[in-house]
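User: Please take a close look at one tryptophan in this model. Then carry on from there to the rest of the chain.
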Amino acid sequence: MRATVIHGAGDVRVEDVPDPVLREPTDAVVRVLRSCICGSDLWPYGSMPVSEQGRRIGHEFLGVVEETGVEVSGLRPGDVVVAPFVWADNTCDFCREGLQTSCRHGGNWGAPGVDGGQGEAVRVPQAQGTLVKLPVGEDSALLPSLLSLSDVFPTGHHCAVTAGVNPRTTVTVIGDGAVGLCAVLAAKRLGAERIILMGRHKARTDLGREFGATDVVAERGEEGVAKVRELTGGDGTHTVLECVGLRPAVETAYAVVRAGGTISRVGAPQYPDVPADFGTFLRNITLTGGVAPARAYIEELLPDVLEGTVQPGKVFDRTVDLDGVPDGYRAMADREALKVLVRP
Ligand SMILES: [Zn+2]
């Protein structure tokens, strides 16, 4: 089969690789219907050292079950399924606590010996715990929104949940990437009435308004902070959803959070430390968030996607086939595309 292999910064190739086969009795083989490129794939795309052998990449996909191992129950060939961005048994103590990202028997797509999602098919370890069956056909118009359940929508949701967003909290979302926009959608879904989106790409913040943002602040740094404070009577917001992962975004988060408030960060941090000085102590700021256990949220978010009350798939603004994947990376890195859907 063909699959995406990254060989270093700026070097993404689509290559012939071995067809996936069942190796463990807990495996399934899934033919990929839709996959996509993640903002976090852009970190290795920007900085990975050159590798002759390369490594498989892609951690968001949905597809059709082709084969299941003898220990997999509840899934049959022909089922349409979505995979969260890590695989997990969904039965260990961490999984039962809703922290499938710390599963004792789980792991990452694209790790040595494990397929990535940006290919024609995937061997899915711990298939029974990992895959969630979707009650749709292979040609459903909902596939893009259902694919968002792999990562960006649950990640935005995790950000809002861990920040404690509810109808009484005001919210600032930092970042107009796919996760930031999904955080807006999640905050709105949890009942927030005031959602300030900080982002400067108009097409993206327009989608943010459609998803529920009540205000958009395009300014950055001190100007952006002043604008958010002006919008909130000088206090800032109860919750801040940091969906970027860069140091200036975290600094902005601390500057726009209201005393007693909570910052949640789901942008993969590209910085070693966070402000934790006497000033933040005096203001009783809580910092939470982390990698989202997407698997824990899929069943909860699925009905709203099926009913169309939320349409997170609108974050996809470009579709490519496998041959188009390298250019999809380039387009996202150049900020030409918000999020690229892959249709193998
Ligand atoms: Zn587990």
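What is the relative accessible area of Trp43, and does that make this residue buried or partly exposed?

Analyst: A caution first: this is a predicted model. Trp43 is partly exposed, at a relative accessible area of 32%. The residue sits in helix α1, which runs over residues 42-47. Trp43 does not stand alone on the surface: with Val244 and Leu246 it makes up a nonpolar patch. Together these residues offer about 220 Å² of accessible area. Membership in a patch calls for over 30% relative accessible area. Trp43 can therefore take part, because its value is 32%.

Another tryptophan gives a contrast. Trp109 is in the loop between β8 (107-108) and β9 (121-124). Its relative accessibility is 7%, so Trp109 counts as buried. The C-alpha of Trp109 is 6.4 Å from that of Val86. Along the chain, Trp109 and Val86 are 23 residues apart.

Next, the metal site. A zinc ion is held by Asp89 through OD and by the SG atoms of Cys92, Cys95 and Cys103. The distances run from 2.1 to 2.3 Å. Angles among the four donor atoms span 91 to 121 degrees, and the site is tetrahedral. As a yardstick, the ideal angle for four tetrahedral donors is 109.5 degrees. Along the sequence, the donor residues follow the spacing D-x2-C-x2-C-x7-C. Two of these donors, Cys92 and Cys95, are buried. For Cys95 the relative accessible area is 4%.

What about disulfides? The structure has zero. Cys182 shows the reasoning. Its closest cysteine sulfur belongs to Cys243, and that is 9.2 Å away. A disulfide needs the sulfur atoms within 2.5 Å, so this pair is too far apart for a bond. Cys182 is also buried, with a relative accessible area of 0%.

Now the backbone around the zinc donors. Asn90 has a positive phi of about 65 degrees, although it is not a glycine. This residue belongs to the loop between β7 (86-87) and α2 (93-96). At a relative accessible area of 25%, Asn90 is partly exposed. A second asparagine, Asn284, also has a positive phi, of about 55 degrees. Its loop lies between α10 (278-282) and β16 (286-289). Asn284 counts as exposed, because its relative accessibility is 57%.

Charged pairs come next. Side chains of opposite charge can pair when their charged atoms come close. The count for this structure is 21 salt bridges. One of them joins Asp93 to Arg104, with the closest N and O atoms 2.6 Å apart. Asp93 is part of helix α2 and Arg104 of the loop between α2 and β8, so this bridge ties together parts 11 residues apart in sequence. Asp93 is partly exposed, at a relative accessible area of 29%.

A further set of charges lies later in the chain. Glu336 bridges to Arg318, and the closest N and O atoms are 3.2 Å apart. This pair links distant parts of the chain. Glu336 is in the loop between α12 (325-333) and β18 (340-342), while Arg318 is in strand β17, residues 318-320. The two residues are 18 apart. Glu336 is partly exposed, at 43% relative accessible area. Arg318 is partly exposed too, at 26%.

Asp334 and Arg330 also meet through their side chains, in a salt bridge of 3.0 Å from N to O. Asp334 counts as partly exposed, at 48% relative accessibility. Arg330 is partly exposed as well, with a relative accessible area of 26%. These bridges do not stand apart: through shared partners, Arg318, Asp327, Arg330, Asp334 and Glu336 are joined into one network.

Back to the starting point. Trp43 is partly exposed, and it shares a nonpolar surface patch with Val244 and Leu246. Trp109, by contrast, is buried.

Notes
Residues numbered from 1 in each chain as written. Predicted model: local features only at pLDDT ≥ 70, side-chain atom pairs only at ≥ 80, totals over all residues. Heavy atoms only, no water. Patch = residues over 30% accessible without salt bridge, like charges linked within 9 Å, V, L, I, M, F, W, Y side chains within 5 Å. Areas by Shrake-Rupley, 256 points an atom, 1.4 Å probe, with all protein chains shown as cover. Salt bridge = Lys/Arg side-chain N within 4 Å of Asp/Glu carboxyl O. Helix = DSSP H or I, 4+ residues; strand = E, 2+ residues; numbered from the N terminus. Buried < 20%, exposed > 50% of the residue type's maximum accessible area, 1.4 Å probe, protein only. Donors = N, O, S within 2.8 Å, 3.2 Å for Na, K, Ca; no water. Tetrahedral: all angles 85-135°; square planar, octahedral: opposite > 155°, others 65-115°.
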